[in-house]
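Visitor: Could you take me in for a close look at one part of this protein? I'd like to hear about a single helix and whatever surrounds it.

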Amino acid sequence: MREAGGGSIYDLGYRHYTGPRLGRPHAIWAMYVQSLRSIFGIGRPLSSKIGPWLLTGAAFVPALVQLGVASISTGELDVLEPHDYYAYIQIVLALFVAVVAPELAGRDQRSRTLSLYFSRAIVREDYALTKYAALVTALLCLTFVPQLLLFVGNGVALDDLGTYIENEWTDVPAAAASAILICLLFAGISLAISAQTSRRAYSTIAIVAVMVISSVVGMTLVESTEGDAGRYGILVSVFSIADGLTFWLFNATPDPEEPLAKADLWGGIYALTALAIALACLALILRRYRTIQA
């Protein structure tokens, strides 16, 4: 009978972790912060910072121009009205999400690290919702922050700050509400597209195409189609939806020659449409990450 082979036991010094286990909430917060840093290229090469920061700077240009004029003017002079601000930066917002959303959603797919995320405390829904929240937060930096800067700067430039705040304070909640809806809309569309593929170039092109083509189709329907089909056709346009809800929340009236005035829809329809599209896109994002192979 053969003797069993001898064996050796080595003490490699491994020890069980006995420290605090921070759990799921901390994991979600850490991923949110890391996603927000990634959007602006913080902690990444210079090439990852150029696009996001240039576009962020471009979003502040109208506010800075207004503040420059206000600082040298002896009275209240508005280069642009608050309800027009988002119309000036819509292209900037579209380019911003086209640049950052494909990287935010596709990088982990390309590097095949999703399995590492899903094997930890977080679940797939946590991952999707955290990425969405991070992109919405980044977009708020490009939308609401310039409007807030504009409001404060205009007030400081005037002699009677108290009177200015008393007369214009309603612009702040209107700017906040319109910024949130616009950010939910743009973030939802861009992430719903980007989550479908790991190819960054494909996602970028698709996002720009959806933004531009939808706007062209919506305006064409208003101009060339009679009746309700033409009026409600403007809801196809992402940019027109953003304009419509902004005018409604600021209680402003568009120019009679603009497609919004020709459509003549109740402003709340634009806000409800933006929210519906955002929720539909979020459902697509959640479905994608529930079924994606990690």
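**A close look at helix H8**

Guide: Let's start on the outside of this predicted model. Ile91, Leu95, Val208, Val212, Ile213, Val216, Val217 and Val236 make a nonpolar surface patch of about 620 Å². Helix H8 gives the most to this patch, with 5 residues, and Ile213 is a residue that lies in H8. Helix H3 has a share too: H3 and H8 each supply at least two residues of the patch.

Now look at how those two helices sit against each other. In general, a packed pair of helices is described by the angle between the axes and the distance between them. Here H3 covers residues 85-111 and H8 covers residues 200-224, and their axes come within 8 Å, crossing at roughly 145°. As for handedness, the crossing of H3 and H8 is right-handed.

Which residues do the touching? On the H3 side you'll find Ala94, Val97, Ala98, Ala101, Pro102, Glu103 and Arg110, and they meet Arg200, Ser203, Thr204, Ile207, Val208 and Met211 of H8. Sorted by class, that contact between H3 and H8 has 8 nonpolar, 2 polar and 3 charged residues. Val208 is worth a second glance, since this residue is listed in the contact with H3 and also in the surface patch.

Glu103 is another one to follow. Besides being part of the contact with H8, Glu103 has a partner within H3: the side chains of Glu103 and Arg107 meet in a salt bridge, at 3.8 Å from N to O. Side chains of opposite charge can pair when their charged atoms come close. Glu103 and Arg107 are 4 residues apart in H3, about one turn of the helix. Across the structure there are 8 salt bridges.

If you'd like another helix pair to set beside this one, try H7 (residues 171-194) and H12 (residues 267-291), which pack at an angle of about 35° with their axes 8 Å apart. H7 passes H12 in a left-handed crossing. The residues of the H7 and H12 contact divide into 13 nonpolar, 1 polar and no charged.

Definitions and conventions. Residues are numbered from 1 along each chain as its sequence is written. This is a predicted model: local features need pLDDT of at least 70, side-chain atom pairs count only at pLDDT 80 or more; totals for chains, interfaces and linings use all residues. Side-chain values use heavy atoms; hydrogens and water are left out. Axes are lines fitted to C-alpha atoms, for helices over the stretch in contact, and angles run from 0 to 180 degrees between N-to-C directions. A crossing is left-handed if the near helix is turned anticlockwise from the far one by less than a right angle, and right-handed if clockwise. Contact means heavy atoms within 4.5 Å. Ala, Val, Leu, Ile, Met, Phe, Trp, Tyr, Cys and Pro count as nonpolar, Asp, Glu, Lys and Arg as charged, and the others, Gly among them, as polar. Patches are made of residues with over 30% relative accessible area and no salt bridge: like charges are joined within 9 Å, nonpolar side chains (Val, Leu, Ile, Met, Phe, Trp, Tyr) within 5 Å. Accessible areas come from the Shrake-Rupley method with a 1.4 Å probe; for residues, only the protein chains shown count as cover. A salt bridge is a side-chain nitrogen of Lys or Arg within 4 Å of a carboxyl oxygen of Asp or Glu.
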